[in-house]
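Work through the following exercises with the sequence and the coordinates open beside you. Each task is followed by a solution that goes step by step.

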Amino acid sequence: MSHTAPKTLSDYRKDIDSALEDSFLRRTLDTFAVAYRANREAVFKEVDERGLIKQIADAKDDACKHMEELYEQFRRVAEERGVHVHRAATAEDANRIIASIARENNVKRVIKSKSMTAEEIQLNPYLEKEGFIVDETDLGEWIIQLRHEGPSHMVMPAIHLSRYQVADDFTKETGVKQDAEDVQRLVKVARVQLRRKFINGDMGISGCNFAVAEMGAVSTVTNEGNARMVTTLPRVHVAIAGLDKLVPNLEVALTALQVLPRNATAQRLTAYATFMAGAGECGACEDNKKVMHVVFLDNGRTEIARDPLFSQIFRCVRCGACANVCPVFRLVGGHKMG
């Protein structure tokens, strides 16, 4: 599913030239960039933008300095609530842990919600190599999975595609000719296809926007509702989170939540903001409790956290606003950088 970077400078230049000559891509990204700036400015008028950003940066800096303590607090509280907490030193460790959870629970089909951490460790190819069927359920992620591509944007993974390309992909997937002009029909087709995957999923894998130490809770922030289906329907739920997602309390998470959707999609709040503290009920399990695991990924994070300069990257809340205002992204999109 991952996009392979060009191997030579000549290949890279050809890729850039092809993107610059793609009139649809240029028009789409340009239209989005203009609309985004106007909408973001409007939605931030209601709050003290600079004050909020400083407050979040300070809180994230402090969390970075206390990453180990926050991890131990999260682990202790979560395990008291029946959650299995793991720590993976590397991407390979994280993949191995998740695959072993799947095997232990006789999992055949895995359903996933959007997770940039899963992209970081290349989780899908690993699980598929291990013999598991893996289905993305976020609409954009599912579309690019059908195309064997990686995401072109952190929040809008299929922003580079036209409805005609999507209709062609859905035609191939369903065996029924799809009308590119009927966008609502395309959405309904996707809903039908994805509901089947939700129902058949043995294990759900989600990302995590905030891992709240005092509650032992993980959160998802989405607009489609697919993440809630992923975390509630299957009998096994695995949440994967970078150690940098740890925050001390709900107040810090809710403060960051005032900025995340405003920056990502120029919304006051996304449609679904979910906090999961403990394993929920599940009639498919013997003790009526869902099997829940949280896998924290290091993959160099603790080393970066010790660096006074580079540790500032952990202020990031993964909103994608940097791409939304990036002049290079506006011209060529997210795939051409490799």
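**Exercise 1: a glutamate and its surroundings**

Classify glutamate 128 by its accessibility, then place it in its element and list its contacts.

Solution. Glutamate 128 has a relative accessibility of 40%, so it counts as partly exposed, where buried means under 20% relative accessible area, exposed means over 50%, and partly exposed lies in between (1.4 Å probe, protein chains only). The model is a predicted one, in which local features need pLDDT of at least 70 and side-chain atom pairs count only at pLDDT 80 or more, while totals for chains, interfaces and linings use all residues. Residues are numbered from 1 along each chain as its sequence is written, and side-chain values use heavy atoms, with hydrogens and water left out.

The residue belongs to helix H7 (residues 123-129); helices (H or I, at least four residues) and strands (E, at least two) are DSSP runs numbered from the N terminus. Leaving aside residues up to four places away in sequence, glutamate 128 touches Val134 and Gln145, a contact being heavy atoms within 4.5 Å. Its C-alpha lies 9.8 Å from that of alanine 99, although 29 residues separate the two in sequence.

**Exercise 2: helix H8**

Determine how many residues of H8 are buried, and describe what lies at its start and just after its end.

Solution. Six of the eight residues of H8 are buried, which makes the helix mostly covered; they are Gly140, Glu141, Trp142, Ile143, Ile144 and Gln145. The cover over these buried residues includes H6, H7, strand E3 (133-136), H9 and H10. At the N-terminal end, aspartate 138 acts as a cap, with a side-chain oxygen 3.0 Å from the backbone nitrogen of glycine 140; a polar contact is a pair of N or O atoms within 3.5 Å, where within protein one must be able to donate a hydrogen and the other to accept it, and residues adjacent in sequence count only if both atoms are side-chain atoms. Just after H8, histidine 148 takes a positive phi of about 60°.

**Exercise 3: glutamine 178**

Is glutamine 178 buried or exposed, and what does its side chain reach?

Solution. Glutamine 178 sits in the loop between H9 and H10, and its relative accessibility of 7% means that it counts as buried. Its side chain reaches the backbone oxygen of valine 176 at 3.2 Å. Beyond residues up to four places away in sequence, glutamine 178 touches Ala167, Phe170, Thr171, Arg185, Leu186 and Val189.

**Exercise 4: strand E4 and its partners**

Which residues of E4 point each way, and in what sense does E4 pair with E2 and with E7?

Solution. In a regular strand the side chains alternate between the two faces of the sheet. From strand E4 (residues 203-206), Met203 and Ile205 point one way and Gly204 and Ser206 the other, and all are buried. Two strands pair if DSSP finds at least two bridges between them. Strand E2 (residues 109-112) pairs with E4 in the parallel sense over three bridges, with isoleucine 111 partnered by glycine 204. E4 also pairs with strand E7 (residues 236-242) in the parallel sense, over four bridges, and here serine 206 has alanine 239 as its bridge partner.
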